[in-house]
Structure formats: C-alpha cells, structure tokens
2 protein chains.
Amino acid sequence: MTGVRVAGTGLTPFGNAPERTSRDLFAEASSAAFADSGVPREDVEAVFYGNFMGELAEHQGHQGPLMAEAAGVRAPATRYESACASSGMAVRDAVMRVRNGEHDVVLVGGAERMTNLGTAGATEALAIAADELWEVRAGMTFPGAYALMAKAYFDEFGGGREDLAHVAVKNHENALTNEKAQYQKSIEVAEVLDAPTVSSPLGLYDACPLSDGASALVLTSEAYAEEHDIDAPVSITGTGQGGDRMALHDREFLARSPAAREAGEEAYTDAGIDAGDVDVAEVHDCFTIAEVLALEALDLEPVGEGITAARDGRTTADGDTPINLSGGLKAKGHPVGATGASQIAEVSKLLAGTHPNSEHVADATTGVAHNAGGTVASAAVHVLEVAK
Amino acid sequence: MTGVRVAGTGLTPFGNAPERTSRDLFAEASSAAFADSGVPREDVEAVFYGNFMGELAEHQGHQGPLMAEAAGVRAPATRYESACASSGMAVRDAVMRVRNGEHDVVLVGGAERMTNLGTAGATEALAIAADELWEVRAGMTFPGAYALMAKAYFDEFGGGREDLAHVAVKNHENALTNEKAQYQKSIEVAEVLDAPTVSSPLGLYDACPLSDGASALVLTSEAYAEEHDIDAPVSITGTGQGGDRMALHDREFLARSPAAREAGEEAYTDAGIDAGDVDVAEVHDCFTIAEVLALEALDLEPVGEGITAARDGRTTADGDTPINLSGGLKAKGHPVGATGASQIAEVSKLLAGTHPNSEHVADATTGVAHNAGGTVASAAVHVLEVAK
C-alpha cells in the first residue's frame with residue numbers, strides 16, 4: 001500500500017457564472033491543477049469526477065468522458081453522484097485506487113452549474129437529493145429540512161439563532177482572504193439575525209449560496225512523486241464513508257449525523273489518528289446548523305456543545321481548531337459537485353503553508369475534510385497530513 | 001490480493017413496468033440476489049449502484065443511500081453514472097475494493113425506470129448520454145448515432161442490413177428460454193428487414209427496446225466464500241475500463257470502438273487470458289451494429305469480419321463463441337442502469353451451469369461481459385472464470 005500525495009490543486013472562482021458550461025469550468029480548474037502540480041497530463045491514468053445535477057441544469061449526463069476531454073486527458077473517466085458529496089466520493093475512490101497500486105497518477109474533481117436555473121429552479125433541482133416520494137412531494141426542500149434539524153437541535157441541546165449566526169460570521173471572516181470565494185465580505189451577527197427568514201429558524205445568512213464552479217486535484221502515489229521530484233508535501237492518509245436512511249422521518253435523531261460519524265471514525269482509524277490530533281478542518285456547512293452537526297459527528301466537539309464553538313471562539317481562525325478557514329460553503333460558495341474536492345484542496349494548502357490563511361495554523365500537521373450529501377444520508381471524510 | 005466470487009445474482013423481469021419505482025425494482029433484484037447467495041444482508045460492507053436517468057425519469061438523484069435502504073442494507077452506498085455503462089462501472093469499483101481487501105462482501109447492481117417517460121420522452125432522456133452542445137442540439141439521438149456508425153462500417157468493410165438482421169434473429173432466439181426477457185419471441189430475417197426504418201440503415205428490430213428493470217449481485221472475497229461455505233463457483237478475474245471522446249465528430253473512426261478495445265485489453269491482461277480463451281460473452285448490443293463493433297473491439301472477431309459472425313453461425317448458440325445467450329439488450333431488454341450488472345449475472349450463470357442456455361456452453365470456463373456508454377465513449381469489460 002502506497003501513500004497518496006496531493007500533487008496539485010485548482011479551483012475556478014465560485015459564484016455566479018450562469019453562462020459558463022460545466023466543461024468550461026472543469027477545464028479551468030484542471031488546467032490550474034496541472035500547472036500547480038508539474039505533472040504532465042499524459043501521465044494521468046484515470047479521472048474521477050463528481051457532479052450532481054448536470055441532467056437538470058445542462059441536460060447533460062455521462063459527464064465522465066466529457067470532463068476528461070475538457071481536461072485534455074486521454075484516460076477512462078467515471079462520474080460519481082452522491083448529491084452534495086459527489087466529489088467527496090470521487091476522491092475516496094481515487095485515493096483507494098492509488099493506494100492499492102492500481103494507478104500512479106489520477107485527476108479528481110467536480111463541477112456544478114446551478115445559477116442558470118435561477119433560485120427557484122435550482123432549489124427544486126437540489127431537492128432531488130431528498131426522497132422524492134416521501135419528502136419532496138410533501139413540499140420539503142433543503143432549507144426546510146435543515147430548519148427541522150436546527151429546531152430538533154435547539155429542543156434537545158439548547159442554543160439558538162444567535163449561536164448559529166456566529167458560524168456565518170466566522171466563515172465570512174475567513175473568506176476575506178480567499179480570492180476564489182463567492183463572498184469576500186464580513187457580516188455582523190445583527191445582520192444575520194435581521195436577514196429574511198428562509199425557513200424558521202434559519203435565515204438567509206444561515207444558508208450557503210447557489211454557485212457555479214469547479215475543483216480539481218492531481219493525486220499521485222508517493223513513489224511517483226519522489227521519482228519525478230514533484231513538490232507534494234501533503235498526503236491523504238485516511239478515507240471514510242458513511243450512509244444513513246434517506247428521509248428524515250426514518251431517522252432516530254434529527255440532530256445527529258450518524259453517517260458523518262461513521263465516515264469520520266473510519267477515516268481516523270484509517271489514518272491512525274484520533275479527533276484530538278485534528279488541527280484544522282473544512283466541514284460541510286451548507287447551512288450553519290450543518291457545521292454544528294459536523295463538528296459533533298467528527299468528535300471535534302462533544303454532542304450538544306458544537307453550537308457554542310463559533311460563538312466562544314474555539315473554531316474561529318485563532319481558535320484551537322479553526323473550521324472552514326476557506327470561508328466554507330457559506331462564504332466560499334457551494335457548486336455542489338465541486339465542493340468535496342475543493343475542501344481537499346483547501347486543507348492541503350492550509351497544511352502546506354500555501355493558503356492565505358495558513359498563518360492561523362502554522363504548526364498544523366493534520367487536517368480533515370468532511371463532505372455531506374442531502375441531509376447527510378451520505379458522507380465522505382478524508383484525513384490529510386503533512387508527509388513525514 | 002484476493003479473488004472475487006459471484007455469490008448470488010438477482011434480476012427483475014425486464015420490460016414494461018411504468019408504475020414501478022426504481023427502488024421497488026431494486027428491492028426485488030437485491031432480495032433475489034441475497035436469497036441466491038445465502039449471504040446475510042448484515043455482512044454487506046458497501047453498496048455500488050448504477051443508474052443513468054433517475055433525475056429525469058423520477059426526479060430522484062442521490063439514489064445510493066435510497067437503494068441501500070431498498071435492499072435492506074445498512075452500509076455506505078455510492079451511485080455510479082456512466083450512461084448505459086453505469087452498473088458496469090459500479091461492478092468495476094466493487095471488484096477492485098474486494099480484491100484489494102477493503103471489503104469482504106458487497107452488493108452491486110443497478111436499476112432504471114424508463115417507460116414511464118414514453119417513447120419520445122425516453123429517447124430525449126437517453127440523448128443526454130451524448131454531447132448536449134454539439135450533438136443533441138443538432139438533433140442527434142442514439143438511433144441516429146448508431147445509424148451513422150453502421151453506415152461507416154458498411155462503407156469501410158462491406159456488409160449490409162441483412163447481416164445485421166441475423167444479429168437480431170440470433171438474440172431473439174437466445175431469449176426464448178429467458179423468463180426475465182422482455183421478448184420471448186423468435187423473429188425472422190425477413191421481418192427484421194421489413195420493419196419500419198428508425199434511422200437508415202437501422203430498422204425497429206435493429207434497436208433494443210425501452211425497459212424498466214433492476215439487477216443485483218452479491219460479491220464476496222474468496223476467503224469469505226470459503227469460510228462461510230458459500231456456493232460461488234465463478235470468479236470475476238479481470239476488469240478493464242476505456243474512454244473515448246464524447247462526440248462522434250471528434251473520433252478518427254466511426255466504425256471502431258477504441259474505448260471497448262482498451263477496456264478489453266486491460267481486462268484480459270488483468271485476468272491473464274487472451275481473446276482466444278473466451279468461451280462465451282455478453283456484449284452491449286443496444287443496436288445490432290453495436291454487437292458487431294463489440295466483437296471486433298474485444299478481438300473475438302477480426303476487424304471488418306464481425307458483420308458476418310451471426311449470419312455465418314460463429315456467434316449463435318451452437319457456434320464457436322456464443323454471444324448474448326441471454327438474448328442481449330436486443331431481446332432481454334435494456335433498463336440502462338441495470339444492464340452492466342445483469343450481464344455479469346448472465347455470464348456467471350452460464351459458467352456455473354445454472355443458466356437455461358448453459359447446455360450450449362457445457363465446457364465453458366471463461367466468459368466476458370462488455371458494457372458500453374453512449375456511442376462507446378465509456379466501456380467496462382469484465383472477465384469471469386470458473387474458480388479452480
């Protein structure tokens with residue numbers, strides 16, 4: 001079993017680009033990743049690509065080979081779809097293939113085109129990540145689902161809207177240095193609380209935006225990186241996946257994410273670390289409450305205490321374990337299929353010391369990326385470490 | 001590296017079932033596979049699921065966890081989408097995971113619901129497997145694409161409609177014993193030639209039907225099968241994947257399938273066999289010409305000679321290398337996401353001696369399954385062998 005190195009990363013700007021196709025976006029992200037890596041395209045042996053709603057947004061399925069072509073790569077390509085965890089699953093499979101010696105060099109990433117659908121159209125398209133028969137037909141959309149989860153959390157553990165507001169404020173603050181972020185703009189707690197309600201108790205600033213964008217990673221085996229003198233100081237050392245019942249009504253607890261816990265435990269065991277070793281993490285904050293649930297599922301906060309983490313500064317840039325130094329989905333943006341691989345890119349740069357926010361985690365050696373699908377019916381967690 | 005055994009297989013009937021959801025179909029197929037295998041559901045460690053057009057047919061994405069639930073399995077689940085090769089890719093990944101020791105027991109399969117869209121709706125939905133910008137907008141659908149490929153073949157190598165008719169006649173003949181087949185009905189060459197033209201030179205009987213259906217496989221490691229005394233006489237010994245440019249106009253030859261050739265060569269090498277060792281195969285005959293191209297890509301026929309294989313009896317049930325003894329996509333049916341895994345089920349039963357057409361291949365030890373996406377921009381090939 002070989003180690004897996006992050007040789008290069010590339011992201012498009014995340015934001016409003018309704019005129020850009022997903023192939024155009026992925027071409028940009030993959031070009032950047034190749035340039036960053038120094039790895040020639042000809043060495044790529046397989047492409048792992050995440051996309052969620054291409055069928056609805058672009059009337060385009062079968063995006064695997066299309067994206068290999070967009071990336072200028074002649075290699076077999078597969079599309080992974082696991083709602084908002086699509087490229088997290090692509091990363092997981094890519095890591096396993098390299099680790100097991102199937103491939104030395106792979107291209108991994110994802111893209112999503114969303115804003116061309118408009119807000120109502122994109123919200124309806126996003127809803128296909130929930131159970132069509134039992135949730136969507138009853139009128140459930142994701143803001144509603146996460147609002148139920150937030151209410152359940154408040155009922156069980158306490159906390160309230162102001163605590164969640166601190167999550168949004170923190171993530172916007174972190175995004176100020178991120179040139180690719182959709183919002184490079186600070187916000188105040190009062191603004192969050194005054195924003196229009198989307199689905200009570202969640203307001204507009206509790207939700208991530210709709211975004212277009214792409215992400216790409218060039219991953220290599222340790223042996224390849226050494227032999228070709230590739231500057232790749234960070235390894236992906238752990239991978240985990242979890243699953244849960246699809247519909248909220250089939251779950252025992254609304255305010256817990258067992259799929260993320262399962263994925264986290266598997267990834268930690270795989271890497272031979274425990275939660276206490278984690279110096280920095282990117283977690284899937286599609287809504288502010290989602291960040292809270294992620295922290296608890298990953299054992300970065302005790303159950304019932306994640307709600308105070310941002311407010312009390314434990315997860316801010318200068319806290320013990322900074323969370324979402326990229327700005328998170330909330331401020332960086334959330335082009336669904338691109339998100340999972342983009343989190344790996346951010347953590348990799350944070351650990352390598354090449355991220356604009358690396359100064360906040362100067363001694364960090366271990367980071368985590370947590371990518372979730374739907375109301376966390378799917379989760380992928382990866383551990384990254386500075387290579388010894 | 002451990003061997004991978006086919007412990008159980010399950011298929012729904014393929015055909016018209018517009019009222020059945022894909023979860024309903026997959027529940028039936030997976031139940032059958034578990035019953036066939038004797039493996040308890042609790043032992044499943046991961047689910048690999050192929051689906052192509054759920055977003056359009058059922059407004060349902062994120063089908064991985066939904067299908068794990070339908071199968072009564074509590075394990076992480078991922079959906080693979082590679083057009084008509086979706087479950088072929090799911091099988092490939094599942095095989096690699098078991099082989100590399102990541103899992104001992106996995107559930108693999110796929111489903112598709114199509115007929116609820118109607119013929120025009122399903123044809124339009126299928127078109128998303130082609131290039132939306134450069135093919136679909138110009139009016140191309142798959143019958144048109146394969147008609148271009150057939151014309152190019154006739155121009156380059158000769159042959160004609162009557163040769164292709166023999167492919168359809170053969171596959172219908174093979175399906176007579178297949179209870180799950182959409183058409184258990186012989187046809188004559190004259191009927192094929194007299195059928196309405198779909199896209200010249202292809203007529204109605206050159207095309208596979210629209211189908212609803214699901215397939216499931218329980219795969220285990222060799223060690224698990226031995227330890228639990230599972231009756232699993234067939235191994236998957238080779239896996240290969242190929243990719244090509246998406247749009248036909250970007251390819252050098254229309255009448256060749258380099259992605260299938262690449263996948264076949266990889267699978268043969270992986271299994272340590274060559275084409276001469278293949279006793280029986282299921283190939284992706286979405287159109288009659290597709291079977292011809294598949295035979296040549298897999299080196300089962302020399303380039304330019306596949307066109308006469310059915311006509312001259314080399315690929316009929318009593319020929320040297322019977323092809324599509326299940327009836328193929330043509331007569332068995334083609335519920336897109338289910339097809340790849342269903343081919344593995346057929347080859348496995350043919351080799352195990354439990355297929356109604358096993359008598360035609362009584363001494364067979366080696367079989368191949370070939371699953372293609374779009375106009376073969378994606379291909380997955382697997383080699384199965386009677387375990388020693």
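How many nonpolar, polar and charged residues does the lining of the largest pocket have? By class, that lining has 18 nonpolar, 10 polar and 2 charged residues; here Ala, Val, Leu, Ile, Met, Phe, Trp, Tyr, Cys and Pro count as nonpolar, Asp, Glu, Lys and Arg as charged, and the others, Gly among them, as polar. The model is predicted: local features need pLDDT of at least 70, side-chain atom pairs count only at pLDDT 80 or more, and totals for chains, interfaces and linings use all residues. Residues are numbered from 1 along each chain as its sequence is written, chains are lettered from A and ligands numbered from 1 in the order in which they are written, and side-chain values use heavy atoms, with hydrogens and water left out.

**Annotated domains of chain A**

- UniProt, in an unreviewed entry, lists "domain: Thiolase N-terminal" at residues 5-222 of chain A; its positions are given in the numbering used here, feature names are shortened, and annotations may be inferred rather than shown by experiment.
- Residues 5-222 of chain A are 40% helix and 18% strand, with the end C-alpha atoms 6 Å apart. Helices (H or I, at least four residues) and strands (E, at least two) are DSSP runs, numbered from the N terminus.
- The unreviewed UniProt entry also places "domain: Thiolase C-terminal" at residues 240-385 of chain A. Over that stretch the chain is 32% helix and 16% strand, and the end C-alpha atoms are 15 Å apart.

**Pockets**

- The largest pocket holds about 720 Å³ of space. On a 1 Å grid over the protein atoms alone, a pocket is an open set of points with protein on both sides within 12 Å along at least five of seven lines, whereas a cavity is a set of points where a 1.4 Å probe fits but cannot get out; lining residues have an atom within 4 Å of a point. Grid points are joined across faces, edges and corners, and a volume is the space filled by probe spheres set on the points.
- Thirty residues (30) line the largest pocket, and the closest to its centre are B:Thr119, B:Ala207, B:Cys208, B:Pro209 and B:Leu210.
- Helix H5 (118-126) and helix H6 (142-157) of chain B are the elements that give two or more residues to this lining. H5(B) gives the most, with 4 residues.
- The second largest pocket holds about 610 Å³ of space. Of its 29 lining residues, A:Ala207, A:Cys208, A:Pro209, A:Leu210 and A:Phe287 lie nearest the centre.
- In chain A, helix H5 (118-126) and helix H6 (142-157) each supply at least two residues of the lining of the second largest pocket. That lining divides into 19 nonpolar, 8 polar and 2 charged residues.

**Cavities**

- There are 7 cavities of 30 Å³ or more in the structure, and the largest has a volume of about 60 Å³.
- Among the residues that line the largest cavity are B:Tyr146, B:Met149, B:His284 and B:His370. H11(B) gives the most to this lining, with 3 residues.
- The lining of the largest cavity has 8 nonpolar, 3 polar and no charged residues.

**The interface between the chains**

- In chain B, 51 residues are in contact (heavy atoms within 4.5 Å) with 51 residues of chain A.
- The two chains bury about 4,300 Å² between them, 48% of it on carbon and sulfur atoms. Buried area is the accessible area (1.4 Å probe) that two parts lose on being put together, summed over both.
- B:His59, B:His62 and B:Glu81 lose the most area to chain A within chain B, together 16% of what that side buries.

**Salt bridges**

- A salt bridge is a side-chain nitrogen of Lys or Arg within 4 Å of a carboxyl oxygen of Asp or Glu. By this rule there are 44 salt bridges over all chains, and the count between chain B and chain A is 8.
- B:Asp93 and A:Arg97 form a salt bridge through their side chains (3.3 Å, N to O).
- Within chain A, the side chains of A:Arg5 and A:Glu222 meet in a salt bridge (3.4 Å, N to O). A:Arg5 lies in strand S1 (residues 4-11) and A:Glu222 in helix H9 (residues 222-227) of chain A, so the pair ties together parts that are 217 residues apart in sequence.

**Backbone features**

- Most residues other than glycine have a negative phi, and most peptide bonds are trans.
- The peptide bond between A:Ser200 and A:Pro201 is cis, with omega about 10°. A:Pro201 lies in the loop between strand S5 (197-199) and strand S6 (202-203) of chain A.
- A cis peptide bond also joins B:Ser200 to B:Pro201, with omega near 10°.
- A:His59 is not a glycine, yet its phi is positive, about 50°. A:His59 is in the loop between helix H2 (54-57) and helix H3 (63-70) of chain A.
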